[in-house]
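Trainee: Please take one part of this model and go through it closely, starting from the side chains that are packed inside. I would like to see how that part connects to what lies around it.

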Amino acid sequence: MLSTSTFTTSDFDVTDYVPDVTTALPTGHLRMRKTYAGDVAGRSVTQFTSAFDQTSGVGTYVAMESFEGTVAGRRGAFNFVHAASTSGTDRANEYGLIVPGSGTDELTGIAGSVRLHIDEDGTHRMDFDHNLG
């Protein structure tokens, strides 16, 4: 089953994590909140880690989200992870997965994949291709 949503972000909290290894791309970590609307409605707290150069736009991110709300009308919570890379003008090597065994309440047993899309107007969308068990 495919459930789609839009989301907005807020409460960016850049952490003081600095690795003790220096690479060609600066790394960072932040926490943010997201609000989802649509077939998937609710909120999440996201742990976001990246190796990214602001000037060139080159880098990769990995995000772990803890979501609470409804999916296709069923209430509960679960985790999902997503990642992607960019050379500055594209989005490549995307990965997205609902974390197995993380569902609660009516979302117990949820499994599947997730995919982030950004529309030309800047609207952020998340698609959940899932099985509700």
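Mentor: A residue counts as buried when its relative accessible area is under 20%, as exposed when that area is over 50%, and as partly exposed in between. By that cut-off, Y36 and F80 are both buried. The model is a predicted one, and the part I will follow is the group of aromatic rings around Y36.

Searching the whole structure gives nine aromatic pairs. In one of them, F7 and Y36, the ring centres are 5.4 Å apart and the planes make an angle of 40°, so this pair is classed as tilted. The F7–Y36 pair links distant parts of the chain: F7 belongs to strand β1 (residues 2-14) and Y36 to strand β2 (residues 27-38), with their positions 29 residues apart in sequence. Both rings are on buried residues. F7 has a relative accessible area of 7%, which is under 20%, so F7 counts as buried. For Y36 the value is 3%, so Y36 is buried by that rule too.

Y36 also pairs with F80. Their ring centres are 6.5 Å apart and their planes stand at 75°; an angle over 60 degrees counts as edge-to-face, so that is the class of this pair. This contact again joins distant parts of the chain, with Y36 in β2 and F80 in strand β5 (residues 74-87), 44 residues apart. Taken together, ring pairs connect F7, Y36, F67, F78, F80 and F128 into a cluster. F7 has a charged neighbour as well: K34 lies over the face of its ring, 4.4 Å from the ring centre.

Several of these rings reappear in the nonpolar core. The largest such core has 18 residues, and the ones with the most contacts inside it are Y36, F78, F80, M126 and F128. Strands β4 (58-71), β5, β7 and β8 each supply at least two of its residues. The largest share, four residues, comes from β4.

The strands named so far belong to one sheet. Eight strands form an open sheet in the order β6-β5-β4-β3-β2-β1-β8-β7, with antiparallel pairing. At its edges are β6 (92-98) and β7 (111-118), each of which pairs on one side only. On average, neighbouring strands in this sheet are turned by 25° against each other, ignoring direction. At the β7 end, eight bridges join β7 to strand β8 (residues 124-131), and the two run antiparallel. Within that pairing, S113 stands opposite D129 of β8. At the other edge, N93 is located in strand β6. With a relative accessibility of 67%, which is over 50%, N93 counts as exposed. N93 and G109 are 16 residues apart in sequence, and their C-alpha atoms are 27 Å apart in space.

Strands β1 and β2, which carry F7 and Y36, are also linked through charged side chains. Side chains of opposite charge can pair when their charged atoms come close. The count for the structure is seven salt bridges. One of them joins the side chains of D11 and R33, at 3.7 Å from N to O. Because D11 lies in β1 and R33 in β2, this salt bridge ties together parts that are 22 residues apart in sequence. D11 is exposed, at 53% relative accessibility, whereas R33 is partly exposed at 37%. Another salt bridge joins R31 and D13, at 2.6 Å from N to O. Here R31 lies in β2 and D13 in β1, so the parts tied together are 18 residues apart in sequence. R31 is partly exposed, with a relative accessible area of 33%, and D13 is also partly exposed, with 34%.

Elsewhere in the chain, the side chains of D119 and R125 meet in a salt bridge at 2.7 Å, N to O. D119 is partly exposed at 26%, and R125 is partly exposed at 33%. Salt bridges with shared partners also join R91, E94 and R115 into one network.

To return to the starting point, Y36 is buried, pairs with F7 in β1 and with F80 in β5, and is among the residues with the most contacts in the largest nonpolar core.

Conventions
Residues numbered from 1 in each chain as written. Predicted model: local features only at pLDDT ≥ 70, side-chain atom pairs only at ≥ 80, totals over all residues. Heavy atoms only, no water. Phe/Tyr/Trp six-rings, centres within 6.5 Å; stacked < 30°, edge-to-face > 60°. Buried < 20%, exposed > 50% of the residue type's maximum accessible area, 1.4 Å probe, protein only. Lys NZ or Arg CZ within 6 Å of the ring centre and 35° of its normal. Salt bridge = Lys/Arg side-chain N within 4 Å of Asp/Glu carboxyl O. Pairing = 2+ DSSP bridges. Axes fitted to C-alpha atoms, helices over the stretch in contact; angles between N-to-C directions. Core = buried A, V, L, I, M, F, W, Y, C linked by side-chain atoms within 4.5 Å.
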